[in-house]
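This briefing is meant to be read alongside the sequence and the coordinates. It goes through selected positions by topic, with surface exposure and side-chain pairing as the main themes.

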Amino acid sequence: MYKSKDFEEKIFHCRCCGARLKDGKTEYCNERCRRRGQRLWRLEQIRRRKWLSDPIGHTVRNVEEYNKSHGTNLSYGQFVAQVLPKLVKGV
């Protein structure tokens, strides 16, 4: 068989601004973008931790899990009014 001359060039883009990277860089185009990207990442981690510790977020995850495992499509209100009391009582 013939050896293919097709090849793919791996192109990297800045994780912050999206600019095409040059000179062997693989994450950020400059130091400003690196600082900004790392700051945004920290803020996203804080936002995610707040969401995961929020009681409403916890209930929303329970609704999604319940709907997936039981094949239902209950809303948040339906779940809290009908299902949650039964789960708390252990019925």
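Leu 84 is partly exposed, with a relative accessible area of 27%, and this residue belongs to helix 3, which covers residues 76-89. The model is a predicted one, and every value below is computed from it. Along the sequence Leu 84 stands 44 residues from Leu 40, and the two C-alpha atoms are 36 Å apart in space.

**Surface patches**

- Leu 40 also takes part in a nonpolar patch on the surface, which it makes together with Leu 43 and Ile 46 and which amounts to about 250 Å².
- Ile 46, one of the residues of that nonpolar patch, is located in helix 1 and counts as partly exposed because its relative accessibility is 41%, which falls between the 20% limit for buried and the 50% limit for exposed residues.
- A patch of positive charge is also found on the surface, where Arg 32, Arg 35, Arg 36, Arg 39 and Arg 42 gather.
- Arg 39, a member of this positive patch, sits in helix 1, which spans residues 31-53, and with a relative accessibility of 47% Arg 39 is classed as partly exposed.

**Salt bridges**

- As general background, side chains that carry opposite charge can pair when their charged atoms come close.
- In this model the count comes to four salt bridges, and a network of such bridges links Arg 15, Glu 27, Glu 31 and Arg 34.
- Glu 27 and Arg 15 meet through their side chains in a salt bridge, with an N to O distance of 3.8 Å.
- Both Glu 27 and Arg 15 lie in the segment before helix 1, so this pair ties together parts that are twelve residues apart in sequence.
- The partners in that pair fall into separate exposure classes, since Glu 27 is partly exposed with a relative accessible area of 33%, whereas Arg 15 is exposed with a relative accessible area of 57%.
- Glu 27 also forms a salt bridge with Arg 34, for which the closest N and O atoms are 3.8 Å apart.
- Arg 34 forms a salt bridge with Glu 31 as well, and here the closest N and O atoms are 4.0 Å apart.
- Arg 34 and Glu 31 are three residues apart in helix 1, so about one helical turn separates them.
- Arg 34 is partly exposed, with a relative accessible area of 29%, and Glu 31 likewise counts as partly exposed, at 46% relative accessibility.

**A buried asparagine**

- Asn 67 lies in helix 2, which runs over residues 55-70, and it counts as buried because its relative accessibility is 12%, under the 20% limit for that class.
- When residues up to four places away in sequence are left aside, Asn 67 touches Thr 72, Asn 73 and Leu 74.

**Backbone at an exposed aspartate**

- Asp 23 has a positive phi of about 60 degrees, although this residue is not a glycine.
- Asp 23 is found in the segment before helix 1, and it is classed as exposed because its relative accessible area of 75% is over the 50% limit.

Note on methods: Residues are numbered from 1 along each chain as its sequence is written. This is a predicted model: local features need pLDDT of at least 70, side-chain atom pairs count only at pLDDT 80 or more; totals for chains, interfaces and linings use all residues. Side-chain values use heavy atoms; hydrogens and water are left out. Patches are made of residues with over 30% relative accessible area and no salt bridge: like charges are joined within 9 Å, nonpolar side chains (Val, Leu, Ile, Met, Phe, Trp, Tyr) within 5 Å. Accessible areas come from the Shrake-Rupley method with a 1.4 Å probe; for residues, only the protein chains shown count as cover. Lys and Arg count as positive and Asp and Glu as negative; His and the chain ends are not counted. The place of a charge is taken as NZ of Lys, CZ of Arg, CG of Asp or CD of Glu. Helices (H or I, at least four residues) and strands (E, at least two) are DSSP runs, numbered from the N terminus. Buried means under 20% relative accessible area, exposed over 50%, partly exposed in between (1.4 Å probe, protein chains only). Contact means heavy atoms within 4.5 Å.
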